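Subject: Handing over the two-chain model

Hi,

Here is the structure I promised to pass on to you. Please open it alongside this note, and the rest of the email will walk you through what turned up.

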Amino acid sequence: MQSVLIHPLVVRVTHWINVLAVLIMITSGWSIYNASPLFPFEIPSQITLGGWLAGALQWHFAGMWLFALNGLVYLAFGIASGHFRRKLLPIAPRAVLHDIREALRGHLAHEDLSVYNAAQRAAYVALIIALVVMVASGLVIWKPVQLHWLGMLMGDYEGARLLHFFAMAAIAFIVVVHVLMVILVPRTFPTMLTGRFRRTS
Amino acid sequence: MSMDRKFILHRSPTIANLERRLFFKRGLSLGALSLLAGCNITDQESVQRVLLAMSRWNDGVQDWLFDPKRLAPEFPESRITRPFPYNGYYPESEVPEIDGSSYKLELAGMIREKKPWTLAELYALPQVSQVTRHICVEGWSAIGKWSGVRFSDFLARIGADTTAKYVGFQCADDYYGSIDMATALHPQTQLSLRYADELLPPKYGYPMKLRIPTKLGFKNPKLIAAIFVTNEYPGGYWEDKGYNWYSGS
């Protein structure tokens, strides 16, 4: 039995802060969405945060600092330490499709928790990209005049609203799949707290 | 209690399964509960204090981000939203009708020439136009055309102390508001007297509104009755209910 560190401390701390931050951002964001829905449906107010628009906006614009600063620490660490390169690369499309198909059949290639399978890598990278898109589109919605140059990359203010919504939907989807996977492979859960995994070899 | 123990002592696979399901169900409802509680979390005094402090902090950040020379994008008239939406905290049928012939714009505070202005006098000043996007705090946006007096010209004409922090507004309904001096002096901030080349109709704020394309819609007061310049934070109708004061675009 050999105990190996698979999640560095920075990754664990930023992961759990991110859980809180994303929960605040999404539930308050749903409340803001309800003030002027883009599509012909509303989010049930029981699962939104803030009570009414002003409260939701207060949560959203306070939560954004927690979310963005925590995200910057994570990205800086991931790039500078080589964590991203080691854990998330390479991503071969064929391998991703193969692993997704295997996962759907119930064959989860997850013997060695220190190595992410191709489907995991793709999901985590997609999540990171969606979160970055969330910040960029959110900045355009917040500052459509001061950051007009950024807005021009995504169809100005109204384009940014759509992008912000779809990036939220992508994040919510990835989070649901992620939580389902943890329930199916429960031994992955404590590793995100202790960082350690006992390998038998 | 004894029932529970019995179940634990004789756990058949079915019961074990049931327990697991119950555990997840309870977990889910706990999650839902904490979200439900989230609605009320906002009302707790300590939480409210932190949220308001963050809103003040965001005022400062936005003031720092604001470039007094950066113009809001202008659009061709073909992009104008028709009909331009009416928006207010009371229905359109209750918009007060102002008598233009007796109306006078009152001035107060750190202003040299406090003589009230008639509409005829305001119409006689040099006029400018803009086709800009109005963005509501609710999220929707609409493009419209406003014409009137450049506000910085008007402030200069009345001898307003532009080193003061705030410009405040009292409206003919019970609306009131205030903006920072940098925004008041922005070249596109306009004391609007016309909408789509017609006299401003009551629903858009007759006899005048302040059009600020670098701020959210609720920061654009309609039916203005008085303007004042001050160093003391005047707040605003929605700001005092929790909206962010700066609310810049």
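To start with a small puzzle: in which loop of chain B is the place of B:P83? B:P83 sits in the loop between α3 (45–65) and β1 (104–109) of chain B. I point you there since the peptide bond from B:R82 to B:P83 is cis, with omega near -5°. Please keep in mind that this is a predicted model, and that every value below is computed from it.

Unusual backbone spots

Chain A has a cis bond as well, running from A:L89 to A:P90, with omega near -5°. A:P90 belongs to the loop between α3 (83–88) and α4 of chain A. Another residue to look at is A:D156, which has a positive phi, near 60°, although A:D156 is not a glycine. Why mention these spots at all? Because most residues other than glycine have a negative phi, and most peptide bonds are trans. A:D156 is part of helix α7 of chain A, and A:D156 will come up again at the interface.

Chain A on its own

Chain A contains eight helices and two strands. Read from the N terminus, its elements follow the order β-α-α-α-α-α-α-α-α-β. Along the principal axes, the C-alpha atoms of chain A occupy a box of roughly 55 × 35 × 35 Å.

One helix pair may be of interest to you. The axes of α4 (residues 93–104) and α5 (residues 118–142) of chain A come within 7 Å and cross at roughly 110°. Angles from 65 to 115 degrees count as roughly perpendicular, and α4(A) and α5(A) are therefore roughly perpendicular to each other. On the α4(A) side the contact is made by A:A95, A:V96, A:D99 and A:I100, while α5(A) brings A:A118, A:A119 and A:A122. By class, the residues of this contact are six nonpolar, no polar and one charged.

Helix α7 of chain A also holds a charged pair: the side chains of A:R161 and A:E158 form a salt bridge, 3.3 Å from N to O. Both residues lie in that helix, three residues apart, which is about one turn of the helix.

Where the chains meet

Chain A and chain B bury about 2,900 Å² between them, and 64% of that is on carbon and sulfur atoms. In chain A, the residues that lose the most area to chain B are A:Q58, A:V145 and A:Q146, together 23% of what that side buries. Counting residues, the contact takes 34 from chain A and 40 from chain B.

How many salt bridges does the rule find across the interface of chain A and chain B? It finds one, out of ten salt bridges over all chains in the whole structure. The partners are B:R133 and A:D156, whose closest N and O atoms are 3.3 Å apart. So A:D156 combines a positive phi with a salt bridge to the other chain, if you treat the definition of a salt bridge as a side-chain nitrogen of Lys or Arg within 4 Å of a carboxyl oxygen of Asp or Glu. There are also 13 residue pairs in polar contact between the two chains, both residues at pLDDT 80 or more.

On the side of chain A that touches chain B, α1 (9–35), α2 (53–80) and α7 (156–184) each supply at least two residues. The largest share, ten residues, comes from α2(A). Sorted by class, that side has 19 nonpolar, eleven polar and four charged residues.

A last spot in chain B

B:K165 is located in the loop between α5 (151–157) and β5 (166–171) of chain B. Its C-alpha atom is 5.5 Å from that of B:M181, 16 residues away along the chain. Leaving out residues up to four places away in sequence, B:K165 touches B:I179, B:D180, B:M181, B:T230 and B:N231.

Have fun exploring!

Definitions and conventions. Residues are numbered from 1 along each chain as its sequence is written. Chains are lettered from A and ligands numbered from 1 in the order in which they are written. This is a predicted model: local features need pLDDT of at least 70, side-chain atom pairs count only at pLDDT 80 or more; totals for chains, interfaces and linings use all residues. Side-chain values use heavy atoms; hydrogens and water are left out. Contact means heavy atoms within 4.5 Å. Buried area is the accessible area (1.4 Å probe) that two parts lose on being put together, summed over both. A polar contact is a pair of N or O atoms within 3.5 Å; within protein, one must be able to donate a hydrogen and the other to accept it, and residues adjacent in sequence count only if both atoms are side-chain atoms. Helices (H or I, at least four residues) and strands (E, at least two) are DSSP runs, numbered from the N terminus. Ala, Val, Leu, Ile, Met, Phe, Trp, Tyr, Cys and Pro count as nonpolar, Asp, Glu, Lys and Arg as charged, and the others, Gly among them, as polar. Axes are lines fitted to C-alpha atoms, for helices over the stretch in contact, and angles run from 0 to 180 degrees between N-to-C directions. Angles under 35 degrees count as roughly parallel, over 145 as roughly antiparallel, 65 to 115 as roughly perpendicular and the rest as oblique.
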